[in-house]
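User: Hello! Could you take me on a close look at a single part of this structure and tell me how that part sits in its surroundings?

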Amino acid sequence: MTNTIRRAFAALLTLTCLGALSAQAATGVQGPVPQAFQNRLMVGLFEEAGQNWMRDSAVPWDARYRYFTKGWADNWGYGAHDGSWAASFFTETKAQGYVPVVTYYQLFGEAGGGEGETLAKLKNASTMRSYFEDVKLLLQRAKTFGGPVIVHVEPDAVGILQSQTASNPNAYAAIAASGMPELAGLPNTVAGWSLAFLQLRKAVGANNVVLGLHISAWASGKDIAFNSLTDPLQPEVDTVVNFLKPLGLGTNVTGATYDVLVGDPLDRDADFYRLTQGADHTWDMSDTASLTSRSYNRYAEWLRLWNQTTGKRWVLWQIPLGNFNHLNINNSGGARQGYKDNRTEYFFGASGDAHRRKFANVGVVALMFGAGAGGQSSYQNDQGTDGQPYLKQRAGVFLNAGGLLLPAAGTTLPPPGGGGSTDGGTVDAGTPPVDAGTDGGVDGGTRPDAGTDAGTGTSDAGTPADTSKYGFESSTQGWSASGAALSAVSTTTAKAYAGARSLAVPFNGTSGKGTVAVANAAVYSGKTVTFRFWLPTGSKITGVQPYALEGAAANWRWTGNWIAVGSLQAGAWNNITVKLPAGSTSPLYQLGVEFQTTGTWKGTAYLDAVIW
């Protein structure tokens, strides 16, 4: 092929992809956001059980992930085969304020070989019986735990199976033949292996578990991220989607599909590959990079096509931690040790706001950072040129300011400074719109004094009675606290917006997140819920989010809006509101307020006079 033809071919591909981007502007991102993500761009880290770097970092991280390899069920021989190790990881992670994320990586550790024997293991009924008994045990422990758990199913396994079966989802696997009663109705095929995770979740009743299906960028037989750069992307996406539809991306006998897709941008720092293998794995950060180049733009377009084709959102997992200040040496714990990369800089550097929005618009709901092997860069010693821990400092600013709300299905976020309120109230870095007291914002911290409460008809002008939906006059009315930052709530006479009492929300000095909420609030479609919130003077509260969470009938839809504390009045009652969407279901699964704190502040905030 001549250079002239190559250039023409590349130009044609670029124009084709740019046309697809124009289509995105018209159609917007596709698919619901599972409730575990709370409609915000989640940022999480890998951390071993029992470690506390994340807790002590004073950053309100969203999630904490850990590999569950063969042997997890009995703590690798140090406990009973009852899954109690998983239960401990879940409760420890929640106590620190994070959502637990399980990278379930057991298949390759089963007897009978490694990755090359993946299909052979699926054909072994005894292996499948013991394997899925452990999966069931995990789901039982997750159900008992009760809080959200994200389970990332077997990284690279379906990509390997697509190769080993020559893209035949009906290749034999001993699933019903395993003898597990719960799997009796599934086909004895590779598709049945993947469906077993969905079936066991249903059988156990672990509705709090989000299941993520791993999508390898090379699964079609072409590595679209690093090598096959001039190949059109949609045919490669279609090749893998067609294989995966019977595996749980499409309609199937379980009645459910996988909740999210999971991708790994790279499993080692880019310069590790350059120095040890002579391979170029660095992506061009330029926002004008060609879609036929080794670039973030190409990877984002691949994610977008997957989102548009499947209607599923994305978790980006095991993102390398290197930056350009690393020393390009094996990391043994010294400052700046590890290899260079640019992925943390892309998402949290000078253009991080724009890049986070770009990736949210193609379906990304979470960024999970972690080293894929020993010797790689780490968040514990990743000093930038300013001498500060790179990810901790920059992600900390982003998260402490409230983060980024995700675009609703059919919409996209505007660019930075493009008018956050036009996309459903989405704002970055914790600068919510203030609307002087109208629905969906805050009222500048002033208590209404005209005798009525914003036209709702609830009297509050000096009357002793409190006729709110939740006034906390005699009890907590079923409200409770969760999260590392909060202790148990109680009713108190220390403050009152209306009547004589309010709900005391005590902060215990732990940095992180906390939530106060009530179940089964009978809020009807389209209503605006108003909470009266007393913000203590001198607190370390950095953001509050009034929210409503619907149940399974509404696909666990989350509605909420983060409000930066800087827009509220300290030492006073503030109105904070959340407006339910048209068609919302009643009663709600949960109605509440989420808080973010930093530092070691101890004190009490108050809620009162919740109305709609």
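The part I would like to look at is strand β7, along with the elements around it.

Analyst: Happy to help; here is a walk around β7. A word on the ground rules: this is a predicted model, in which local features need pLDDT of at least 70, side-chain atom pairs count only at pLDDT 80 or more, and totals for chains, interfaces and linings use all residues. Residues are numbered from 1 along each chain as its sequence is written, and side-chain values use heavy atoms, with hydrogens and water left out.

Let us begin with the setting. The protein chain has 612 residues, and 57% of them count as buried (buried means under 20% relative accessible area, exposed over 50%, and partly exposed in between, with a 1.4 Å probe and protein chains only). Its secondary structure comes to 13 helices and 19 strands; these are DSSP runs, with helices being H or I of at least four residues and strands being E of at least two, numbered from the N terminus. Among contacts between residues at least 6 apart in sequence, 73% join residues at least 24 apart, where contact means heavy atoms within 4.5 Å.

Now to the strand itself. β7 belongs to a closed barrel of 8 strands that runs β1-β2-β3-β4-β5-β6-β7-β8 with parallel pairing; two strands pair if DSSP finds at least two bridges between them. From one strand to the next, the twist averages 30°. Angles like these run from 0 to 180 degrees between N-to-C directions, using axes fitted as lines to C-alpha atoms, for helices over the stretch in contact.

β7 covers residues 313-319, and 4 bridges join this strand to β6 (residues 260-263), with the two running parallel. On its other pairing, β7 is joined to β8 by 4 bridges, again parallel. A handy residue to find on your screen is Trp-314: Leu-261 stands opposite Trp-314 in β7, and Trp-314 in turn stands opposite Val-364 in β8. As for cover, 7 of the 7 residues of β7 are buried.

One residue of the strand deserves a pause. Most residues other than glycine have a negative phi. Gln-318, however, has a phi near 55°, a positive value in a residue other than glycine. Gln-318 sits in strand β7, and this residue is buried, with a relative accessible area of 3%. If you would like a companion case elsewhere in the chain, Ala-609 has a phi near 50°, also a positive value in a residue other than glycine. Ala-609 lies in strand β19 (residues 602-611) and is buried, at a relative accessible area of 1%.

Next, the helix that lies over β7. α10 lies across β6, β7 and β8 (364-369), running at about 145° to β7. This helix has 15 residues and reaches 21 Å from its first C-alpha to its last, close to the 21 Å expected at 1.5 Å a residue; the expected span is 1.5 Å times one less than the number of residues. α10 is mostly covered, with 13 of its 15 residues buried. Just after α10, Gly-311 takes a positive phi of about 75°.

From α10 you can step on to a further helix, α8 (residues 233-244). The buried residues of α8 pack against α10 (296-310), as well as α6 (157-164), α7 (190-204) and β5 (209-214). Those buried residues are Leu-233, Glu-236, Val-237, Val-240, Val-241, Phe-243 and Leu-244. Seen down the axis of α8, they fall within an arc of 160°, so they line one face of the helix; the arc is that of the directions from the helix axis to the C-beta atoms. With 12 residues, α8 reaches 17 Å from its first C-alpha to its last, close to the 16 Å expected at 1.5 Å a residue.

Elsewhere on the barrel, helix α3 (residues 84-95) lies across β2 (63-69), β3 (99-105) and β4 (149-153), running at about 170° to β2. Lys-94 lies in α3 and counts as partly exposed, at 37% relative accessibility. Leaving aside its neighbours within four places in sequence, Lys-94 is in contact with Phe-145, Ser-482, Gly-483 and Ala-484. The C-alpha atoms of Lys-94 and Gly-483 are separated by 6.5 Å, while the two residues are 389 residues apart along the chain.
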